[in-house]
Amino acid sequence: MFVSPAFAQAAGGAAGGSAFGQLLILPVVFAIMYFLMIRPQQKKMKEAKAMVEALRRGDQVLTQGGIIGKVSKVNDDNTVEVEIAEGVKVKVLKPTILQVMNKTEPAKAA
């Protein structure tokens with residue numbers, strides 16, 4: 001019914017070695033989370049930002065709302081004018097551009 005002092009000391013010694021192992025696991029788990037979740041998300045955000053910065057007149061784009069249109073004007077105030085039908089133009093925020101579907105070729109030098 002009573003625990004002998006020898007067993008109590010043996011259990012305490014085993015727990016001390018286990019605590020070091022548990023502390024070693026934390027950086028390993030963080031490294032795995034970083035390489036599997038955080039880093040790919042940062043890379044994806046960087047690519048999306050570069051895509052939006054490279055928008056030009058004539059590019060066919062897809063917005064997050066599912067609207068497909070052709071860029072008719074790129075404004076400086078973080079907006080893009082997109083023509084969704086003949087004569088129908090809407091202003092769209094640049095961050096809501098999800099994908100550039102058809103990229104226009106740059107004008108050739110004369």
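Reader: What counts as a helix or a strand here?
Author: Helices (H or I, at least four residues) and strands (E, at least two) are DSSP runs, numbered from the N terminus. The structure is a predicted model, in which local features need pLDDT of at least 70 and side-chain atom pairs count only at pLDDT 80 or more, while totals for chains, interfaces and linings use all residues. Residues are numbered from 1 along each chain as its sequence is written, and side-chain values use heavy atoms, with hydrogens and water left out.

Reader: OK, how many helices and strands does the protein chain have?
Author: The protein chain has one helix and five strands. Read from the N terminus, the elements follow the order α-β-β-β-β-β.

Reader: And how much of the protein chain is buried?
Author: Of the 110 residues in the protein chain, 16% are buried. Buried means under 20% relative accessible area, exposed means over 50%, and partly exposed lies in between (1.4 Å probe, protein chains only).

Reader: What share of the contacts joins residues that are far along the chain, say 24 or more positions apart?
Author: Among contacts in the protein chain with a separation of 6 or more, 40% are between residues 24 or more positions apart. A contact means heavy atoms within 4.5 Å.

Reader: Let us look at single residues. Where is I38?
Author: I38 belongs to helix α1, which covers residues 5–53. The residue counts as partly exposed because its relative accessibility is 35%.

Reader: What about V52, buried or exposed?
Author: V52 also has its place in helix α1. With a relative accessible area of 10%, V52 is therefore classed as buried.

Reader: Which residues does V52 touch, leaving aside its neighbours in sequence?
Author: Once the neighbours within four places in sequence are set aside, V52 is in contact with K94 and I97. As for V80, it stands 28 residues from V52 along the chain, and the two C-alpha atoms are 9.8 Å apart.

Reader: You mentioned K94. Where is that one found?
Author: K94 sits in the loop between β4 (88–93) and β5. It is a lysine in a loop, yet K94 counts as buried because its relative accessibility is 11%.

Reader: What does K94 touch?
Author: If residues up to four places away in sequence are not counted, K94 touches V52, V74, N75, N78, T79 and V80. The partner V52 comes from helix α1, whereas N78 comes from the loop between β2 (68–74) and β3 (79–85).

Reader: How far is K94 from D77?
Author: Their C-alpha atoms are separated by 9.3 Å, and the two residues are 17 residues apart along the chain.

Reader: Back to N78, then. What is its phi?
Author: Phi of N78 is near 65°, a positive value in a residue other than glycine.

Reader: And is N78 buried or exposed?
Author: N78 falls between those two classes: it is partly exposed because its relative accessibility is 39%. Its contact K94, by comparison, is buried at 11%.

Reader: So which residues should I find in the structure to review this?
Author: Please begin with V52 in helix α1, and then find K94 in the loop between β4 and β5. K94 touches both V52 and N78, and N78 is the residue with the positive phi.
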